[in-house]
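Student: Hi, could you walk me through this one? I'm new to it.

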Amino acid sequence: MTPSVRVDARAFVKAESVFFAGEAGPVWRVLEGIVRLDRDSGPTRQPVQLALPGDLIGVESLCERRYQFSATAFTACRLERMALDADSLRVPLLQQALLQHQDRSEDMTALRTGSVPQRITHLLCLMGLDWRPDRRALNGEADAIRDALPTLREVAQVVDAKTETVCRALAQLLPPRSRKPGPVRPVRDWSGVAPGRLTTAWAANATPLGAAA
C-alpha cells in the first residue's frame, strides 16, 4: 500500500470544478467517479485524460509545481487530499503516477480512435456501467446509462466527435428511453362538426408537430 496520510475527502457533483490550471494545491486521489483533466486552449478546453477510481490527479504538486491541467468532475465523484509528511512519500506516488499515465494514455487513444460507437462503448466500460458490446441494454438499463452520462457536448468532446454523431451512436447502442406514464388526453367527438368546419376546428385543436404529448 502506498504510504500516505488521508487529510479529508470531498464530494463533487457532476461538472463541478476541482481545480484550475495554474493553481497550486495538493495531490488528490479519486475514490469514486471519474475526473476529467483538460488543457486550456483559449476559450475552450481540450480533454487530456480521464482519471478513474484509485488514480492520482494534481501530481505536479509532487514536484513543487502548479497544476498543468484543469480538473472537472466528469461524473459525480469523491476525492481525497493526500498529505505528504515526508519526502520519502513522494517516490511511491511518483511511481504510481507514471504507471497511471501510461494506462490512461491508452484509454484516451481508445476514446478517440475507431468508430464513434466503439469509442462510446469504451467510455461506458470505463464508467463501470453494466454494458457489453455483445448485448443491447434493456429499456430500464438504457435509461440508467443515459442518466449516468454527462451532457452530449461533454461526451462529444471526450470521444472527439460532433454532438449529433454522438446522439446517433447512442441511438444505435441503446434503445429509446422508456415512456413514463402520463395523464390520458381526452378524445374529442368530431361527429357533430359540419364537414366544412372540420379542417378549421382540427387546426385549432391539434397538437403542433414536435410538441410534447
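Tutor: Happy to; we'll talk through a sheet and then some helices, and keep in mind that this is a predicted model.

Student: Okay, the sheet. Which strands form it, and in what order?

Tutor: The order is E2-E7-E4-E5, four strands in an open sheet with antiparallel pairing.

Student: Which strands stand at the edges?

Tutor: Strand E2 (17–19) and E5 do. Each has a single partner strand, so one side of each is left without a neighbour in the sheet.

Student: And what holds strands of a sheet together in general?

Tutor: Strands pair through backbone hydrogen bonds, in a parallel or an antiparallel way.

Student: How much are neighbouring strands turned against each other here?

Tutor: On average by 35°, if you ignore direction.

Student: Let's zoom in on E4. How many bridges join E4 to E5?

Tutor: Seven, between E4 (residues 35–41) and E5 (residues 44–51), and the two run antiparallel. As a landmark, look for Asp-40, which stands opposite Arg-45 in E5.

Student: What's in the turn between them?

Tutor: E4 and E5 form a hairpin with two residues between them. Gly-42 sits in that turn and has a positive phi of about 65°.

Student: And how does E4 pair with E7?

Tutor: That pairing is antiparallel too, with four bridges to E7 (residues 70–73). Here you can find Arg-36 opposite Thr-72 in E7.

Student: Switching to helices: at what angle do H1 and H4 cross?

Tutor: Roughly 110°, and the axes of H1 (residues 90–112) and H4 (residues 152–159) come within 7 Å. Angles of 65 to 115 degrees count as roughly perpendicular, so that is the label for H1 against H4.

Student: Which residues make the contact?

Tutor: From H1, they are Met-108, Leu-111 and Arg-112; from H4, Gln-157, Val-158 and Val-159. By class, that gives four nonpolar residues, one polar and one charged.

Student: Which residues of H4 are buried?

Tutor: Glu-154, Val-155, Ala-156, Val-158 and Val-159.

Student: What do those buried ones pack against?

Tutor: Their partners include both strands and helices: E4 and E5 from the sheet, plus H1, H2 (116–126) and H5 (163–173).

Student: Last one: what comes just after H4?

Tutor: Asp-160, which takes a positive phi of about 60°.

Definitions and conventions
Residues numbered from 1 in each chain as written. Predicted model: local features only at pLDDT ≥ 70, side-chain atom pairs only at ≥ 80, totals over all residues. Heavy atoms only, no water. Axes fitted to C-alpha atoms, helices over the stretch in contact; angles between N-to-C directions. Parallel < 35°, antiparallel > 145°, perpendicular 65-115°, else oblique. Contact = heavy atoms within 4.5 Å. Nonpolar A, V, L, I, M, F, W, Y, C, P; charged D, E, K, R; others polar. Pairing = 2+ DSSP bridges. Buried < 20%, exposed > 50% of the residue type's maximum accessible area, 1.4 Å probe, protein only.
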